[in-house]
Each structure stands twice: as structure tokens, then as C-alpha cells.
Amino acid sequence: MDKFTNSAWFMRIVAFALAALLFISINFEMESDKKSLGLSTAPEISTETIENVPVEVYYDRENLVVSGVPETVDVTLKGAKSLLINAKNQRDFKVYVDLSDPAISMGDRTVTFKISDLNEKLVATIDPEYAEVNVQERVTKEFSVEAEYNSSLLEEGYTAGQPTVSPKTVKITGAKDAIEQISYVKANLEISKGLNETVNSKATVKALDRDLNKLDVTIEPSSVAVSLKVSIPSKTVSIAPKQTGKAKDGIRITSISVDPKEVTLFGSETSLEKIDEINLPVNISKIDGDTELELDLNKPDSVQKMSLGKAQVKIRTEKVDVDEENAEPVVEEEEPETEQKQEEQVVEEKPEPEEEDEPAAIESKTFNNIQIVPVGIRDDQDAELESDVTSITLLGEADDLKKITKDDINLTVDVSNLDEGTHDVDLAVTVPEGVEWELDSKTVSVTITQKEEET
């Protein structure tokens, strides 16, 4: 045995075996290191599609406009899976169209998409491969803006004025042929159904061709302020007390008066044209003597609203014998008289020449601090009178003047048709029949202001 182990052949065989084992070990470790570093000699090849990759366009933006380039494309990558995963997650490559050549001509052209900053070991396919684009001269032009709104959304009875726009003009930039196609520049005011108040809002500006198609242009500013004044027609009519029921035995109604004597109605013009007065039914069946009542005013169906909902009614009575009452019932109701009726009354009351008496002496009576009542104030306005009281002098027969009190005098000023600002407005005077009146001034200064919108 010792002879065999000491032989040269034995030593050669052992050395060869050790060398083989060392080679196999080293080669195995290198393969392991390559796999751990992704350096396998046979990497796994895959494909990956990345959708909606943004497209960049390089061109002279100061002087040209390019249209037709899609905003995004799909990119399919092929290569080692590890590289694909990194490219998909990082998205550090770019897809672009290059139209930066200064010598580029205007008009339509076909351009291919290019890709940059992509790992050279990956192969990319772009879908679509090319695009049909249009290159035009860049033009900027100023246009007037017209505001519009849907008038059918106004509440019934309300009307709107012409909307105002600020600023009135905008600058529109785009391709020359697109600018030449502009027929309308509109700012559409969005309103909700049942609109019954003035609107101040922002509206987006759009450029439209003759067929109302929106054009691809840049508008500066892109929105404008639009104001739409919404109001409702008004009319001031008299309140006419109408007696209903039968007076109690022994009670005679001598007069029925109402305060205030007028009410302002709001509604459509056609509806208001048909109304000359508001009837106020007064039931006298339970009246025992002089009485003051507060009664509701009935709003006509065709009217949107009224300036007041109630009125004060004064009923004056006298006690009579039942026989006298049945023989000669007398009921007086105050009602507005037309000019024609007053003229007829004057004619009827002219005494016959043979019965002419001495003319009664005319006296005067002055009432101070008579309240002036503004009527017809719109919901979106405030009215301030320079002075809300004045003095009035009545002229008439002494017996007539003695019966008159402050409550029989009504001074109003109609502000329903006034715009914002200060105005001198005529006073409307209502006094008992048979007397004349004098005022220091027949007008009063009224200042109209817009109410602040609630936020």
C-alpha cells in the first residue's frame, strides 16, 4: 500500500481530482453571483405595454400653432423583465414630436413619434406610429364678448335687463384659420330655474364658429364677470273697502275708510293691466259702534306679490231708531273717484240760480308732521327720503275742516320705477272730498340704493 501511495501516478491522480473539484466550485459560485446581479447569460425576455404616455411637441410657440398631435400614446417595451419593470415604474423616458426646424412650412404634414431617455437594451414600439398635424401661423386678435342666459328660467312675472360684461373684450390666440372662423364670442351665464333676483357671477368665455361649434383657441381672460338685473313690473292701485253683511238693528254705518289707501302690486305687465283696484270686503254684521279693524288683503292669483298684506279699516257709525233705519238706510263707502265722476258731481251739486245762497267762508287748517310713505320699493333696493314728514294746509268750509284729522290725510311717493341714485319725486296727496290742499313743496328727494347681497 505504501508503495502505491508513494508512486508518481497516485500523486498525479489526486492532483487532477483536486483541480477538478476546485474548478467546479469556482464556476458554481460565479454563476450564483451572476444570477444575483441579474447578469445571467440567458435573461428572461418579456414585453410590457405602458398606456397614456404624454406626448411633448417641440416647435416655435411664439409664432406657430400646431394642432392634431394626440395628447397621449401607448408604448410597448420589449427586453429583460427587470429592465421593463424599472421603465414602467420610473417612466423616465419621453415620447415627442419634433417640429422645431425654423424652415418648417405651414400646412398639413405627417410626423412620426420619437422616444428618448430609454434604456438602450429595451426596444420600443409606439401606437400610433405617426400623426397627421397642421402647422399654422399664430395670430392674436381682440373680440367683444356677448353674455347670454336662458330667459325661460326666470320666475313667472319677472323680467331681466340686458346683461352687462366686464371686461367687454378678450384677446383670442390661435391658428390663423381658426381665428378667421370665429363668428361669436359668448359668455354663458349659468342660472337656476325660478330666478327672481339680480345675479352677479363669473361666466366662461367660448369662441364659436357660424355653426356654433367650439373652436380650439386660447382666450385671455378665460372668464368674465356678468351682471344680470332681474326685476318685476309693479303698479300702484287703490284699496276699495266693500261692505258685506247687514248692520245690526239700531246701527247705521256712516263711513268706511281704509289706511293706507293704496297698495303696490308686482307681476307681469299683462296681469297688472287688468287690475285697477283691490277690493277689501268689510263684514258689518257684528259692528256695534265705531270700530277699527286690521284686515287681510286678498292677493289676486295673477299677481306675484303685494307691497303689504294687511290694511287698517275705520268704521264710523251712528245709532238710530229701528223705524228710521228701515225708512232711510245710509251707508257711505270711500272709493276712488275718477276725474269724470268728480266733474259730474260738481255739475250735479251746482245750485239752481233761484236757490243761490251766500257763499260759505273759506278757511284754512294746517297739519304738521304728516308722514310721507314710500310705496313700490323693490326687494333689492332701499329708499331713503330726505325728509319723511311735511306740513299740509287744507282749504275749505269751517264745518268740513273741523271733521278732518291727520288720519284722513295720506301722503305717498311712488319709487317703483326709480333706479339707483337720488331723485326728486312728486308727492301723491289724498284728502277728504270738498277741501283743497297746499304744500310748501310738491316734491321730495328720494335716494335709492341697492341692498347688499347676503353671503
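**Strand partners and charged pairs**

Me: Start with β23: which of its residues stands opposite L265?
Reply: β20 and strand β23 (residues 305-306) are joined by 2 bridges and run antiparallel. That counts as pairing, because two strands pair if DSSP finds at least two bridges between them. Strands are DSSP runs of E with at least two residues, helices runs of H or I with at least four, all numbered from the N terminus. Opposite L265, in β23, stands M306.

Me: Before we go on, at which pLDDT do side-chain atom pairs count?
Reply: Residues are numbered from 1 along each chain as its sequence is written, and side-chain values use heavy atoms, with hydrogens and water left out. This is a predicted model, where totals for chains, interfaces and linings use all residues, local features need pLDDT of at least 70, and side-chain atom pairs count only at pLDDT 80 or more.

Me: How many residues of β20 are buried?
Reply: Strand β20 spans residues 262-266 and is mostly covered. Here buried means under 20% relative accessible area, exposed over 50%, and partly exposed in between (1.4 Å probe, protein chains only). On that scale, the buried count for β20 is 4 of its 5 residues.

Me: β18 runs along β20 too, right next topic: which residue in β20 is the bridge partner of S234?
Reply: β18 and β20 run antiparallel, with 5 bridges joining them. In β20, the partner of S234 is F266.

Me: Over to the sheet β19-β24-β22: what is its average twist from one strand to the next?
Reply: It's an open sheet of 3 strands with antiparallel pairing, in the order β19-β24-β22. β19 (251-259) and β22 (291-296) are at the edges with a single partner strand each, so one side of each has no neighbour in the sheet. For angles, axes are lines fitted to C-alpha atoms (for helices over the stretch in contact), and the range is 0 to 180 degrees between N-to-C directions. From one strand to the next, the twist averages 25 degrees.

Me: And which residue in β24 is the bridge partner of E294?
Reply: β22 pairs with strand β24 (residues 310-319) in the antiparallel sense, over 6 bridges. In β24, E294 has as its bridge partner Q312.

Me: Is K314 buried or exposed?
Reply: K314 sits in strand β24. Leaving aside neighbours within four places in sequence, K314 has contacts (heavy atoms within 4.5 Å) with S255, I256, S257, T291, E292 and D407. With a relative accessibility of 18%, K314 counts as buried.

Me: Which residue's side chain makes a polar contact of 2.7 Å with K314?
Reply: A polar contact is a pair of N or O atoms within 3.5 Å; within protein, one must be able to donate a hydrogen and the other to accept it, and residues adjacent in sequence count only if both atoms are side-chain atoms. At 2.7 Å, the side chain joined to that of K314 belongs to D407.

Me: How many salt bridges does the whole structure have?
Reply: Side chains of opposite charge can pair when their charged atoms come close. The cut-off for a salt bridge is a side-chain nitrogen of Lys or Arg within 4 Å of a carboxyl oxygen of Asp or Glu. Searching the whole structure gives a total of 9.

Me: How far apart in sequence are the parts tied together by E146 and K186?
Reply: The E146 and K186 side chains form a salt bridge at 3.1 Å, N to O. E146 is in strand β9 (residues 146-148) and K186 in strand β13 (residues 184-188), so the parts they tie together are apart by 40 residues.

Me: Which of those two is buried, and what is its relative accessible area?
Reply: E146 is partly exposed at 43%. The buried partner is K186, with a relative accessible area of 13%.

Me: What is the closest N and O distance between K310 and D296?
Reply: K310 is partly exposed at 43% relative accessibility, and D296 is partly exposed at 47%. The two form a salt bridge, and their closest N and O atoms are apart by 2.4 Å.

Me: Last one: in the sheet β26-β32-β29, how much are neighbouring strands turned against each other on average?
Reply: This open sheet has 3 strands with antiparallel pairing. Its edge strands, β26 (381-385) and β29 (421-426), each pair on one side only. With direction ignored, neighbouring strands are turned against each other on average by 30 degrees.
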